[in-house]
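Please open the model in your viewer and keep the sequence panel beside it. The tour below goes from one selection to the next and says what is found at each stop.

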Amino acid sequence: CFWGSEKGIWRLPEGIHSTTVGYCAGFTPNPSYEEACSGQTGHTEGVRVVFDPSKVSYVDIMRWFWEAHDPCSGMGQGNDRGTQYRSGIYYDNDDQKRLIEASKDAYEKQIGKPITTEIAAASDYDKYGGLWYYGEVYHQQYLAKPGARPYCSAQPQGIALAPYEEWVPQDLKEKYKPTLPEAFWKKHAPQKGCSVVNSPNEPIAVGDW
C-alpha cells in the first residue's frame, strides 16, 4: 500500500519538496487504480519524491525505503498480495544504481534471506510511455485526510541498515553522505510492523532526536 510509504517520506525533517503516490514500472499508459490492481498492466504502487539533495541525501531516502517495508516478500506486503504490491526502486543515474545495489547487498546479509526488490532504470520504461503515472486525487496524502482509514500493509523488519561507511562505494562516499544523524534513526526509524499510520501528519521537527 502506498499510503504509509508516502507518509513516512513526507515526514522526513527537511528537503522533501513533494511526495505523490501513483503507479510505476508497468507497460500500459495512465492506468487507473482498478486497472493496476487487476494485475493486467504490470504496475506496482509507488511514491514519487521530489527533494533537495543539499538538505536531505538520496541515501537517507533510500535507507527509509529499505527499513520501511519487507523487501523480501515477493509479490506482496502483509495481507496485500499481487504484482501491484511488489517492492521496487527505480534509479535515474548510475550513482543511484550503485548506491541501491550496494545497500541492498548489505541489507540482504543483515536480514538473512533474499531481497526480492525490483531494481531497474527509470529509462527502461520509456518505451511504455514512462516509468510513472500519477494516482487518483483521493489517494494523494491519504493518511492526512480527515476520516482516513488508518491502514498500511507494509511490514518493516525492525532492522537498521548497516552503517553507511561499511557499504558505500568509496568514490561516492563524500558526495552522498547522510544528512540525518544516527540519533534521528534511533528515535524515528520505522518500527517492526507498520507504525507510521499512527504518527503525526506533520514533518518531524529538525533536531527532534
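Helices (H or I, at least four residues) and strands (E, at least two) are taken here as DSSP runs, numbered from the N terminus. The model is a predicted one, in which local features need pLDDT of at least 70 and side-chain atom pairs count only at pLDDT 80 or more, while totals for chains, interfaces and linings use all residues. Residues are numbered from 1 along each chain as its sequence is written, and side-chain values use heavy atoms, with hydrogens and water left out.

**Stop one: a loop residue**

Select Pro178, which lies in the loop between helix 5 and helix 6. Burial is graded by relative accessible area, with under 20% called buried, over 50% exposed and values in between partly exposed (1.4 Å probe, protein chains only). Pro178 has a relative accessible area of 33% and is therefore partly exposed. Contact means heavy atoms within 4.5 Å, and, leaving aside neighbours within four places in sequence, Pro178 is in contact with Ser57, Val59, Asp60 and Tyr164. If you then add Pro200, which is 22 residues apart from Pro178 along the chain, you will find the two C-alpha atoms separated by 24 Å.

**Stop two: helix 1 and helix 3**

Next select helix 1 (residues 2-10), which is mostly covered, since eight of its nine residues are buried. Among them are Phe2, Trp3, Ile9 and Trp10, and the buried residues of this helix pack against strand 1, strand 2 (44-51) and helix 3.

Move on to Trp64, which is found in helix 3 and is buried, with a relative accessible area of 8%. Not counting residues up to four places away in sequence, Trp64 touches Gly8, Ile9, Leu12, Phe184, Trp185, His188, Ala189 and Pro190. Pro169, by comparison, is 105 residues apart from Trp64 in sequence and 19 Å apart in space, C-alpha to C-alpha.

Keep helix 3 (residues 58-67) in view and add helix 4 (residues 94-111): the two pack at an angle of about 40°, with their axes 11 Å apart. Axes here are lines fitted to C-alpha atoms, for helices over the stretch in contact, and angles run from 0 to 180 degrees between N-to-C directions. Helix 3 and helix 4 are therefore oblique to each other, given that angles under 35 degrees count as roughly parallel, over 145 as roughly antiparallel, 65 to 115 as roughly perpendicular and the rest as oblique. To see the contact itself, show Tyr58, Val59, Met62, Trp66 and Glu67 of helix 3 together with Gln96, Leu99, Ile100, Ser103, Lys104 and Tyr107 of helix 4.

**Stop three: aromatic rings**

Rings of Phe, Tyr and Trp (its six-membered ring) pair if their centres lie within 6.5 Å, and planes under 30 degrees apart count as stacked, over 60 as edge-to-face and the rest as tilted. How many aromatic pairs does the structure hold? It holds 13.

Select Phe27 and Tyr128, an edge-to-face pair with 6.4 Å centre to centre and 65° between the planes. The pair links distant parts of the chain, 101 residues apart, with Phe27 in the loop between strand 1 (16-24) and helix 2 (33-37) and Tyr128 in the loop between strand 6 (118-121) and strand 7 (132-134). Phe27 counts as partly exposed at 45% relative accessibility, and Tyr128 also counts as partly exposed, at 33%. Now add Tyr90 and Tyr125, which form one aromatic cluster with Phe27 and Tyr128.

A second pair to display is Phe184 and Trp209, again edge-to-face, at 5.6 Å centre to centre and 85° between the planes. Phe184 is in helix 6 (residues 182-188) and Trp209 in the segment after helix 6, 25 residues apart. Phe184 counts as buried at 0% relative accessibility, whereas Trp209 counts as partly exposed at 33%.

**Stop four: two positive phi angles**

Most residues other than glycine have a negative phi. Return to the loop between strand 1 and helix 2, where Ala25 has its place, and check its phi, which is near 65°. In that loop you can also select Asn30, which has a positive phi of about 50° although it is not a glycine. Is Ala25 buried or exposed? Ala25 is buried, with a relative accessible area of 6%, whereas Asn30 is exposed, at 55%.
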